[in-house]
Amino acid sequence: MNPPLLSVIIPNWNGAAHLPTCLEALRRQTYPHREILVVDNGSTDGSLSLLAHYPEVRVLALGRNRGFAGAVNAGIRAARGEILVLLNNDTEAAPTWLEALAAAFARHPDAGLLASKILLFDRREVFHSAGDYYRVDGIPGNRGVWEPDVGQYDREEEVFSACGAAAAYRRALLEDIGLFDEDFFYSCEDMDLAWRAQIAGWNCWYIPDAVVYHKLSATGGGPIASFYDGRNFLYLIA
């Protein structure tokens with residue numbers, strides 16, 4: 001079988017300071033069958049001028065801020081790949097990240113989505129996420145967050161959800177259950193999609209060999225993030 005095309009979709013809003021690190025890491029990927037799309041949410045910081053130095057990148061300039069969910073959906077609609085891979089602009093992917101994701105989908109035909117091993121950018125021995133969970137009190141969370149990496153999440157296993165900062169989805173899954181719910185705008189849209197995937201019978205696997213380093217809330221954070229987190233926890237329950 002021919003190896004699948006992986007479409008890497010990077011939502012961007014005023015992320016010019018982060019994009020070079022993110023895009024240079026993608027240039028070093030060992031998996032050749034890929035395309036890269038940056039979906040720009042009306043940036044005013046020179047992001048679009050910077051992207052002109054990366055001719056391999058397809059740029060979708062939305063002209064306004066449609067949030068994470070809106071930008072990702074626009075990228076999915078424009079992408080050509082069988083596998084849709086989401087990546088935050090404030091990340092650095094290990095060279096074998098895409099190769100590990102492609103191999104994992106081949107091993108797990110039941111998997112609709114895959115979770116990466118996400119470590120902190122500035123403390124690379126500390127976890128951001130080893131897949132995501134949903135608690136019985138209605139609060140989602142990142143498995144392993146703030147824990148030192150001492151091998152406790154080195155096993156490939158099923159988890160509930162994939163953190164959207166570095167997640168991969170089969171196109172067949174999205175054709176089955178639909179795209180991200182843009183009412184969320186920002187935060188928890190990945191968990192909402194994972195709920196719909198689980199209900200429809202698709203599994204999520206955590207892939208420890210798919211490593212990404214994340215600056216964590218470099219683009220979004222503070223009071224705005226707190227508002228969307230709190231509101232969207234209720235959206236998830238609904």
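This section describes the overall dimensions, strand pairing and selected residues of a predicted protein model.

The protein contains seven helices and 12 strands. A compact globule of 238 residues would be expected to have a radius of gyration near 18 Å, and the value of 16 Å found for the protein agrees with this. The C-alpha trace extends over about 45 × 45 × 40 Å along the principal axes. Of the 238 residues, 54% are buried. The accessible surface amounts to about 10200 Å², and carbon and sulfur atoms account for 55% of this area. The protein carries 20 positive and 30 negative charges, and the mean positions of the two sets lie 4 Å apart. When contacts between residues at least 6 apart in sequence are considered, 74% of them join residues at least 24 apart.

Strand pairing was examined from strand β1 onward. Strand β1 comprises residues 6-12 and is joined to β2 by seven bridges, with the two strands running parallel. Strand β2 covers residues 34-40, and six of its seven residues are buried, so the strand is largely enclosed by the rest of the structure. β1 also pairs with β4 in the parallel sense, over four bridges. Residue S7 takes part in both pairings: S7 stands opposite E35 in β2, and the bridge partner of S7 in β4 is L84.

Strand β4, residues 83-87, is mostly covered, with five of its five residues buried. The side chains of β4 divide between two directions: I83, V85 and L87 point one way, L84 and L86 point the other way, and all of these residues are buried. Besides its parallel pairing with β1, β4 is joined to strand β11 (residues 166-170) by five bridges in an antiparallel arrangement. Within this pairing, V85 has A168 of β11 as its bridge partner.

Strand β11 in turn pairs with β6, in the antiparallel sense and over three bridges. L113 of β6 has Y169 of β11 as its bridge partner. Strand β6 spans residues 111-120, and 10 of its 10 residues are buried, so β6 is largely enclosed by the rest of the structure. Nine bridges connect β6 to β12, and these two strands run parallel; K117 is matched with its bridge partner V211 in β12. A further pairing of β6, antiparallel and over two bridges, is made with strand β7 (residues 127-129). In that pairing L119 stands opposite F127. A hairpin of six residues provides the connection from β6 to β7.

Residue C204 is placed in strand β12, which covers residues 203-214. The relative accessible area of C204 is 0%, and the residue is therefore buried. The C-alpha atom of C204 is separated by 6.2 Å from that of G112, although the two residues are 92 residues apart along the chain. Beyond its neighbours within four places in sequence, C204 is in contact with L113, A115, E157, E158, V159, F160, S161, A162 and Q198. One of these contacts, L113, is the β6 residue whose bridge partner in β11 is Y169.

Residue R80 is found in the loop between α3 (67-78) and β4. With a relative accessibility of 57%, R80 counts as exposed. R80 and L5 are 75 residues apart in sequence, yet their C-alpha atoms are 7.6 Å apart. Leaving aside neighbours within four places in sequence, R80 is in contact with L5, S7, E35, R58 and R171. Two residues among these contacts, S7 and E35, stand opposite one another across β1 and β2.

Backbone geometry was also considered. Most residues other than glycine have a negative phi. F185 is not a glycine but has a positive phi of about 65°. C188, likewise not a glycine, has a positive phi of about 75°. F185 is found in the loop between α5 (171-177) and α6 (189-199), and C188 lies in the loop between α5 and α6 as well. Their accessibilities fall into separate classes: F185, at 24% relative accessibility, counts as partly exposed, whereas C188, at 7%, counts as buried.

Note on methods. Residues are numbered from 1 along each chain as its sequence is written. This is a predicted model: local features need pLDDT of at least 70, side-chain atom pairs count only at pLDDT 80 or more; totals for chains, interfaces and linings use all residues. Side-chain values use heavy atoms; hydrogens and water are left out. The radius of gyration is taken over C-alpha atoms; the globule rule is 2.2 Å times the number of residues to the power 0.38. Buried means under 20% relative accessible area, exposed over 50%, partly exposed in between (1.4 Å probe, protein chains only). Contact means heavy atoms within 4.5 Å. Accessible areas come from the Shrake-Rupley method with a 1.4 Å probe; for residues, only the protein chains shown count as cover. Lys and Arg count as positive and Asp and Glu as negative; His and the chain ends are not counted. The place of a charge is taken as NZ of Lys, CZ of Arg, CG of Asp or CD of Glu. Two strands pair if DSSP finds at least two bridges between them.
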